[in-house]
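Here is a set of exercises to work through with the viewer open. Try each task on your own before reading its solution.

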Amino acid sequence: MVLFRMNMIWRNYVCHLRQGKVPHRCQSGAHPVAPLGSRILTDPAKVFEHNMWDHMQWSKEEEEEARKKVEENSAPRVAPEEQAKFESDANKYWDTFYQTHKNKFFKNRNWLLREFPEILPVDQNAKEKVEESSWDQIRSNFSRMQGTETHCGESCVSPAPGNKGRPDFPNPDLEVHSDGPGKTGHFPGSNATFRILEVGCGAGNSVFPILNTLQNFPGSFLYCCDFASEAVQLVKSHASYTEARCSAFVHDVCDDGLAYPFPDGVLDAILLVFVLSSIHPGRMQAVVHRLSRLLKPGGMLLFRDHGRYDNAQLRFKKGRCLSENFYVRGDGTRAYFFTKGEVHRMFCEAGLHEKQNLVDHRLQVNRKKQVVMHRVWVQGKFQKPLHWTQRG
């Protein structure tokens with residue numbers, strides 16, 4: 001059965017390849033920047049040689065099967081009173097999660113720099129080195145497969161100014177919080193020249209890989225927040241945590257009335273990775289609007305989250321669906337599964353310009369059980385323009 005399915009996947013992939021439809025992670029017609037997208041399955045007999053394969057296209061039959069599974073597991077909805085409990089006690093469920101798992105559940109996201117080089121301060125030599133090494137790996141793999149160098153096609157989007165250096169825009173947002181022309185009040189990281197915020201930092205699986213990299217860039221500062229106090233405490237108790245380069249704080253991004261420990265308009269980048277999906281769909285737009293205000297003009301909001309028909313969505317049992325494509329896990333935490341179009345509308349509605357928006361299809365392999373699973377994620381990069389206005 002596994003071999004038959006792999007042959008189906010392989011035939012569909014070859015068809016897309018011949019049509020030139022293999023998607024590449026890139027922001028322009030230049031070099032792709034993500035080596036995570038370079039492992040291509042060229043022989044279905046070798047599927048169990050690695051844990052993950054990239055750019056796996058779905059057949060129409062597979063997509064229809066996934067749609068039917070979602071239709072089935074969405075039919076019985078969680079009772080309204082239970083839904084209200086999952087919403088009001090959301091932070092408690094995550095606190096319990098981190099009390100149970102500590103920092104052992106998630107792996108460190110050492111891939112962040114390859115997918116999001118924008119989290120580095122502008123240092124042309126360093127960025128070119130990262131992008132060149134990424135491109136060399138991708139070019140080598142695709143050349144072996146196709147016998148020629150592969151260039152970006154229609155799946156690419158316009159170049160992001162953040163890649164080659166952020167423009168030095170005036171910042172009207174910052175002036176609202178200033179004590180005078182060119183001055184701002186003292187706040188954590190107020191002397192920094194490059195500031196990042198990670199929303200939903202958890203136990204620090206992104207925080208410490210980022211801090212490790214930023215130690216080579218004087219003047220950089222990292223903020224990180226989570227509404228689970230247990231998670232923030234895990235970050236602060238880590239041996240690598242230092243208030244000289246990082247400020248971790250408890251914060252509920254759904255509460256628009258809560259102040260951040262820094263003024264609006266001072267952030268160069270915001271990292272929103274596997275966070276928005278845990279928020280009620282009816283509150284997501286307000287969260288994106290609020291985060292947009294924190295960015296400098298030219299600043300980037302970097303997004304990655306669960307995609308529609310991901311294996312995690314298909315595995316939900318009946319009775320776990322809260323609303324369309326929104327589910328609750330057995331531990332009380334929740335997950336939404338996005339489409340590319342939903343992501344586009346949400347961030348553009350907040351007045352941001354889309355620089356990247358792609359669906360990341362992969363084939364995950366359990367070599368021990370000889371099982372293959374389709375994984376789907378959505379990844380995007382959105383920039384705050386010079387003349388920023390929100391539609392909502």
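## Exercise 1: Two unusual backbone angles

Phe274 is found in the loop between E7 and H11. Bear in mind that this is a predicted model.

**Task.** Work out whether Phe274 is buried, partly exposed or exposed, and find the sign of its phi angle. Then do the matching job for Gln370.

**Solution.**
- Step 1. The relative accessibility of Phe274 is 26%. Partly exposed covers the range between 20% and 50%, so Phe274 counts as partly exposed.
- Step 2. The phi of Phe274 is near 50 degrees, which is positive even though the residue is not glycine.
- Step 3. Turn to the loop between E12 and E13, where Gln370 sits. Its phi is near 60 degrees, again a positive value in a residue other than glycine.
- Step 4. At 39% relative accessibility, Gln370 is partly exposed.

## Exercise 2: The surroundings of Leu271

**Task.** Leu271 lies in strand E7. Is Leu271 buried or exposed, and which residues does it touch?

**Solution.**
- Step 1. The relative accessibility of Leu271 is 0%. The cut-off for buried is under 20%, so Leu271 is buried.
- Step 2. Leave out residues up to four places away in sequence, and the contacts of Leu271 include Leu112, Phe116, Ile119, Leu197 and Val199.
- Step 3. The list of contacts also holds Glu198, Ser206, Ile210 and Leu302. Keep Glu198 in mind for Exercise 4.
- Step 4. Now pick the C-alpha atoms of Leu271 and Arg304: they are 8.7 Å apart, while the two residues are separated by 33 positions along the chain.

## Exercise 3: The inward side of a helix

**Task.** Helix H13 spans residues 340-349. Which of its residues are buried, and what do they pack against?

**Solution.**
- Step 1. The buried residues in H13 are Val343, Met346, Phe347 and Cys348.
- Step 2. A rule of thumb helps in reading such a list: an α-helix has 3.6 residues a turn, so residues three or four places apart point the same way.
- Step 3. The buried residues of H13 pack against four strands and a helix, namely E7 (267-273), E8 (295-306), E12 (353-366), E13 (371-383) and helix H11 (281-294).
- Step 4. Look just past the end of H13, where Gly351 has a positive phi of about 90 degrees.

## Exercise 4: Salt bridges

**Task.** The whole structure holds 19 salt bridges. What are the partners of Glu87, Arg109 and Arg362, and how are these residues placed in the chain?

**Solution.**
- Step 1. Glu87 pairs with Arg334, and their closest N and O atoms are 2.6 Å apart. This pair links distant parts of the chain, with Glu87 in helix H3 and Arg334 in strand E11, 247 residues apart.
- Step 2. Compare the burial of the two: Glu87 is partly exposed at 23%, whereas Arg334 is buried at 6%.
- Step 3. Arg109 pairs with Glu198, with 3.8 Å between the closest N and O atoms. Arg109 is in the loop between H4 and H5 and Glu198 is in strand E4, so the salt bridge ties together parts 89 residues apart in sequence. Both partners are buried.
- Step 4. Arg362 meets Asp360 at 2.9 Å, N to O. Arg362 is buried at 7% relative accessibility, and Asp360 is buried at 2%.
- Step 5. Arg362 and Asp360 also belong to a network of salt bridges that takes in Asp54, Glu115 and Arg304. Arg304 is the residue whose C-alpha you compared with that of Leu271.

## Exercise 5: A charged patch

**Task.** Which residues form a positive surface patch, and where does Arg315 lie?

**Solution.**
- Step 1. The patch is made of Arg315, Lys317, Lys368 and Lys369.
- Step 2. Arg315 lies in the loop between helix H12 (311-314) and strand E9 (321-323).
- Step 3. With a relative accessible area of 61%, over the 50% cut-off, Arg315 is exposed.

## Exercise 6: The whole chain

**Task.** How many helices and strands are there, and what share of the residues is buried?

**Solution.**
- Step 1. The chain has 13 helices and 13 strands.
- Step 2. Of its 392 residues, 52% count as buried.
- Step 3. Take the contacts between residues at least 6 apart in sequence: 78% of them join residues at least 24 apart.
- Step 4. The accessible surface is about 18500 Å², and carbon and sulfur atoms account for 50% of it.

Note on methods. Residues are numbered from 1 along each chain as its sequence is written. This is a predicted model: local features need pLDDT of at least 70, side-chain atom pairs count only at pLDDT 80 or more; totals for chains, interfaces and linings use all residues. Side-chain values use heavy atoms; hydrogens and water are left out. Patches are made of residues with over 30% relative accessible area and no salt bridge: like charges are joined within 9 Å, nonpolar side chains (Val, Leu, Ile, Met, Phe, Trp, Tyr) within 5 Å. Accessible areas come from the Shrake-Rupley method with a 1.4 Å probe; for residues, only the protein chains shown count as cover. A salt bridge is a side-chain nitrogen of Lys or Arg within 4 Å of a carboxyl oxygen of Asp or Glu. Lys and Arg count as positive and Asp and Glu as negative; His and the chain ends are not counted. The place of a charge is taken as NZ of Lys, CZ of Arg, CG of Asp or CD of Glu. Helices (H or I, at least four residues) and strands (E, at least two) are DSSP runs, numbered from the N terminus. Buried means under 20% relative accessible area, exposed over 50%, partly exposed in between (1.4 Å probe, protein chains only). Contact means heavy atoms within 4.5 Å.
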